[in-house]
Amino acid sequence: MFERLTKDARAVIEGAVEHARSGGARTVDAEHVLLALLGSEGGRASFALSALGLGESRDAVREAVGEARRRAGLTRAEADALAGLGIDVGEIVARVEEAHGVGAMTGDAGSPGRWSGGRPRFGRGAKDVLERALRVALGRGERSVGGEHLLLALTVLPGVAGEVLADFGVTFEEVTRVCPPAHSARSAEK
């Protein structure tokens, strides 16, 4: 799989690993991929995010991801469903953080560098992003997986990253509109 990643996509994955490590996370998750995409420059994903207005909203996106991680990675839809059952996720988070400190439910309980052998472990969410990105690339008739494929994968997978992107108007359709398949762009140039 990694041999199919473009230089840009490899940089995003390395950035995701760094976000996970610096945050003390036990694994690299989809949210770390999103955070790395927000910091990437010069690639098609960066262009798409800027074209969709996320350039000015990067800090708000990071904050939204942080808040979701504080809720143990629950999306707002999941928190709302629990509220319908009489479970107040905000109250639970507040009590846990009161007893164990802010961010106790993020899953980032480890310390940086805690991964065995120094190798990053990819959680299910990050693995799903990589797998879906490959499927998206192949579905678009492209041989390599770029940052734009990682972004497109995040928009269609369930979870915090996709929900946050959708909240800011970054959907599969919108990303595809501003970042069509590379072969389509070449065809249009001819």
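What follows is a conversation between a biologist and a modeller about reading a predicted model.

Biologist: I am new to this structure, so where should I begin, and how many helices and strands does the chain have?

Modeller: Begin with the elements themselves, keeping in mind that this is a predicted model. The chain has 11 helices and zero strands, and along the sequence the pattern therefore reads α-α-α-α-α-α-α-α-α-α-α. Of the 190 residues in the chain, 42% are buried. The chain exposes about 10000 Å², and carbon and sulfur atoms supply 52% of that area.

Biologist: Which share of the contacts joins residues at least 24 apart?

Modeller: Taking contacts between residues at least 6 apart in sequence, 67% join residues that are at least 24 apart. A single case may help here, and V65, which is found in helix α4 (residues 58-70), can serve. V65 and H32 are 33 residues apart in sequence, while their C-alpha atoms are 9.2 Å apart in space. Leaving out residues up to four places away in sequence, V65 touches E31, L34, L35 and V164.

Biologist: Is V65 buried or exposed?

Modeller: The cut-off to apply is that buried means under 20% relative accessible area. V65 has a relative accessibility of 1%, so V65 counts as buried.

Biologist: Could we apply that reading to a whole helix, and ask how many residues of α8 are buried?

Modeller: Helix α8 is mostly covered, with nine of its 10 residues buried. The buried residues are G147, E148, H149, L150, L151, L152, A153, L154 and T155. What covers them includes α1 (7-22), α2 (30-39), α3 (44-51), α7 (124-139), α9 and α10 (172-178).

Biologist: Let us take two of those neighbours in turn; at roughly what angle do the axes of α8 and α9 cross?

Modeller: The axes of helix α8 (residues 147-156) and helix α9 (residues 160-167) cross at roughly 95° and come within 7 Å. Angles of 65 to 115 degrees count as roughly perpendicular, and α8 is therefore roughly perpendicular to α9. In this contact, L151, L154 and T155 of α8 meet A161, G162 and L165 of α9. Sorted by class, the contact of α8 with α9 has four nonpolar, two polar and no charged residues.

Biologist: And how are α3 and α8 placed to each other, and which residues make the contact?

Modeller: The axes of α3 and α8 come within 6 Å and cross at roughly 50°, and the two helices are therefore oblique to each other. On the α3 side the contact is made by R44, A45, A48 and L49, and on the α8 side by G147, E148 and L151. By class, the contact of α3 with α8 has four nonpolar, one polar and two charged residues.

Biologist: With charged residues in that contact, how should I read a salt bridge, and which residue pairs with E148?

Modeller: The general idea is that side chains of opposite charge can pair when their charged atoms come close. In this structure, the count comes to six salt bridges. E148 forms one of them with R44, where the closest N and O atoms are 3.2 Å apart. This pair links distant parts of the chain, since E148 is in helix α8 and R44 in helix α3, 104 residues apart. E148 counts as buried because its relative accessibility is 8%, whereas R44, at 27%, counts as partly exposed.

Biologist: Where do D128 and R124 lie, and how many residues apart are they?

Modeller: Both D128 and R124 lie in helix α7, four residues apart, which is about one turn of the helix. Their salt bridge has its closest N and O atoms 2.9 Å apart. D128, with a relative accessible area of 27%, is partly exposed, and R124, at 49%, likewise counts as partly exposed. R124, D128 and E131 are linked in a network of salt bridges.

Biologist: What can be said of E174 and R177 in α10?

Modeller: The side chains of E174 and R177 meet in a salt bridge of 2.6 Å, N to O. The two residues both lie in helix α10, three residues apart, again about one turn of the helix. E174 counts as partly exposed at 28% relative accessibility, whereas R177, with a relative accessible area of 54%, is exposed.

Key. Residues numbered from 1 in each chain as written. Predicted model: local features only at pLDDT ≥ 70, side-chain atom pairs only at ≥ 80, totals over all residues. Heavy atoms only, no water. Axes fitted to C-alpha atoms, helices over the stretch in contact; angles between N-to-C directions. Parallel < 35°, antiparallel > 145°, perpendicular 65-115°, else oblique. Contact = heavy atoms within 4.5 Å. Nonpolar A, V, L, I, M, F, W, Y, C, P; charged D, E, K, R; others polar. Buried < 20%, exposed > 50% of the residue type's maximum accessible area, 1.4 Å probe, protein only. Areas by Shrake-Rupley, 256 points an atom, 1.4 Å probe, with all protein chains shown as cover. Salt bridge = Lys/Arg side-chain N within 4 Å of Asp/Glu carboxyl O.
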